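Reader: I'd like a quick tour of how some helices pack in this one, plus a look at a pocket. Can you walk me through it?

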Amino acid sequence: MADIPKPPRAQKRPRAETWHGHEKRDDYHWLKAPNWQEVMHDPSLLPAEIRAFLEGENAYHEAVMAGTKALQETLFAELKGRIREDDSSAPAPDGAWEYYSRYVTGGQHPLYCRKPRGKDGPEQILLDGNALAKDRGYFRFGGIDLSPGQNLIAWSFDGNGSEFYELRLRDAATGAGHKDVLENTTGEATWAADGGSFFYTLQDDNHRPLKTFRHILGTEQSADALVHEEKDAGKFTGVGMTSSEQWITIDIHDHDTSEIWLIDAKKPDEKPRLVAPRAEGIEYDIEHRADQFIIRTNEGGAEDYKLVTAPVSDPRRENWRDLIPHRPGVFIVSYIVLKDWLVRMERENALPRIVVRNMETGEEHAIAFDEEAYSLGFGEMREFDTGTLRFIYSSPTTPAQVFDYDMKTRTRVLRKTQEVPSGHDPSQYVTRRLMAPAHDGETIPVTLLYRKGTKLDGSAPLWLYGYGSYGISLPAGFNTNILSLVDRGFIHATAHIRGGQEKGRRWYKTGKMDMKQNTFRDFISCAEFLAREGFTRKGNIVAQGGSAGGMLMGAVANMAPELFRGIIAEVPFVDVLTTMLDDTLPLTPPEWPEWGNPIESKEAYENIMAYSPYDRVEARAYPNILAVGGLTDPRVTYWEPAKWVAKLRELKTDDNLLLLKTNMGAGHGGASGRFDRLREVAFVHAFGLKVAGLTDAR
């Protein structure tokens, strides 16, 4: 380490506020740019002193990691070698066409294409991501929405990672662009039935999608009619369409309350009509078939959700009738409504299954699988009048398989299997599902992947991944990236902790608000259990999480640093209290139902203060830590990891690594190109291998 420069030290600028009788000090508040909204649109406007600090940290991490350059290149080659470079998706039929995406060898971005249905060609390239991204430092597709006649494409892109999407129009047959350009959208366009207009959601300066507009083709965005405006800054607004394509939906929601307005797709001039008014804690989403709406909801105490019907003529809540009643412990994750079929995804005991219902007879049957842990998902389906269900299956050892399932004959056809060009032998790996005991008697699902022959005597290092927020469940699916870790001796574990919905809605509710500490304690319990059972030992664990999972990383680093050799926190939400006290930030008001409102509530303030990673940093030894941020990230702003690292540098008492890597040209999702993203993964993996002492392992 003799040639490694000293890490940069951020200047302390004392700042204090008083909330609910508590003094809150924040010596690194200055790292938040006062013009952050402008920086989201134009990163060059970042104040010079903040840029100097971030670039100084970048130079430091590059110097520290210089010795892993060869390893990073080896890892990148492995990661890239597991991807078929000219891969394509299974074509999805829609009328006279089949739609699919594909890559070209060496290309960073997808091409969106179509060909005549049931034929080999000729192919039409609708959008060429590589050509569109040329000369751009950052490019990511947003929505790609075809007009009803399939002759026009409304497509969007994010040009700097800030998730303000520019929406454009293109002729599908000729590729000619239209003059219509819409700025600052969420990226999606929902077409009216006549193809002469579409609906979209605009984002304001604070990155909040509150206004829904209708755009008429050939007119300026400034002339677009405001269709609906949400007055509550704590709500998200989105526009969509039922599978029948007869109803446009305006969906207003936060994390536990929703409200939907409808517009007849054939009457786009009409004012939206309300389905059911919002009621705190009640969620619903809507689909349509014949003269009924089919609604998924938790109304009436249906914690794990139920499906109800309502007449199209009067869909008020008092007219809802149970179709699939609530069954405690059987969580209805999602559903698809088709002309003759209803398909729902359920999860029970942390495993998914698909249930198919014939809407004429009411007969049902399930599609399930036998592996200990696996992932199921619905594939792309573009037609309403079909008896074919597309779904995707994978497990930690089994590459993704795309099936078309005939719901009438109950037979399936394999349409595509994920290829691993460099080779993959599932028999050389072991997948296991264990249940770790929690501190309060609950049991936590843990999914393991390791190579056959790995010693289970405590000597193996463990890579422990977690998230645990917003009801997001971590799938037990195939991930080629982690094979580089298990091939080098790591046991990879995914902790399905509270805050997700792996064990139903209750699993989420008991990991949020004043019960948020369960999320962190579950993760610690998983680490302790796996050490106790001989899969690893304490102090030989590398933990990884991103976004809200990065908050998890910061919390466990404070609560149980002795368990971990390394902590990898990607775009980490670590300054929770400060962010929740700032109602001008993009996600703060919508996030209060998840964390609590510390502005209004002393109890919420004290609950968040008890775990907020930045606020709980103290003078003690910490594990090796890597924090990764993005300058234009609107979800977890760059200054959260920057402030966290600055405070850790000031207070920590150990000599372990502390690195901050800020992507100066990207946001929450990291680099936009598929190979650029793999280089970021290789860097993260190299850090984990370095702190585990495995940089020389083949």
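**Pocket and helix packing**

Reader: How much space lies in the second largest pocket?
Author: Keep in mind that this is a predicted model. With that said, the space in the second largest pocket comes to about 1400 Å³.

Reader: And which residues lie nearest the centre of that second largest pocket?
Author: The lining of the second largest pocket takes in 50 residues. By class they split into 23 nonpolar, 16 polar and eleven charged. Nearest the centre lie Phe236, His253, His255, Leu587 and Arg635.

Reader: On to helices: are H3 and H14 oblique or roughly perpendicular to each other?
Author: Helix H3 covers residues 69–81 and helix H14 covers residues 674–691, and their axes come within 8 Å, crossing at roughly 130 degrees. Roughly perpendicular stops at 115 degrees and roughly antiparallel needs over 145. That crossing angle therefore makes H3 and H14 oblique.

Reader: How many residues of the contact of H3 with H14 are nonpolar, polar and charged?
Author: From H3, the contact uses Leu71, Gln72, Glu73, Leu75, Phe76, Leu79 and Lys80. H14 answers with Phe675, Leu678, Arg679, Val681, Ala682, Phe683, His685, Ala686 and Leu689. Sorted by class, the contact of H3 with H14 has two polar, three charged and eleven nonpolar.

Reader: What about H7 and H8: are they roughly perpendicular or roughly parallel?
Author: H7 spans residues 517–532 and H8 spans residues 548–559; the axes come within 10 Å and cross at roughly 70 degrees. The window from 65 to 115 degrees takes in that angle. So the two, H7 and H8, are roughly perpendicular.

Reader: Is the crossing of H7 and H8 left-handed or right-handed, and which residues of H8 make the contact?
Author: The crossing of H7 and H8 is right-handed. On the H7 side, the contact is made by Gln517, Thr519, Phe520, Arg521, Phe523 and Ile524. On the H8 side sit Met551, Leu552, Met553, Ala555, Val556 and Met559.

Reader: Last pair: at what angle do H2 and H13 pack, and how far apart are their axes?
Author: Helix H2 is residues 48–64 and helix H13 is residues 639–651. They pack at about 65 degrees, with axes 12 Å apart.

Reader: Which residues of H13 make the contact with H2, and is the crossing left-handed or right-handed?
Author: H2 brings Phe53, Leu54, Glu57 and Tyr60 to the contact, and H13 brings Ala642, Val645, Ala646 and Arg649. By class, that contact of H2 with H13 has six nonpolar, no polar and two charged residues. As for the crossing of H2 and H13, the hand is left-handed.

Key: Residues numbered from 1 in each chain as written. Predicted model: local features only at pLDDT ≥ 70, side-chain atom pairs only at ≥ 80, totals over all residues. Heavy atoms only, no water. Axes fitted to C-alpha atoms, helices over the stretch in contact; angles between N-to-C directions. Helix = DSSP H or I, 4+ residues; strand = E, 2+ residues; numbered from the N terminus. Parallel < 35°, antiparallel > 145°, perpendicular 65-115°, else oblique. Contact = heavy atoms within 4.5 Å. Nonpolar A, V, L, I, M, F, W, Y, C, P; charged D, E, K, R; others polar. 1 Å grid on protein atoms, 1.4 Å probe; cavity = no way out; pocket = protein on both sides within 12 Å on 5 of 7 lines; lining within 4 Å. Points joined across faces, edges and corners; volume = space filled by probe spheres on them. Left-handed = near helix turned anticlockwise from the far one by under 90°.
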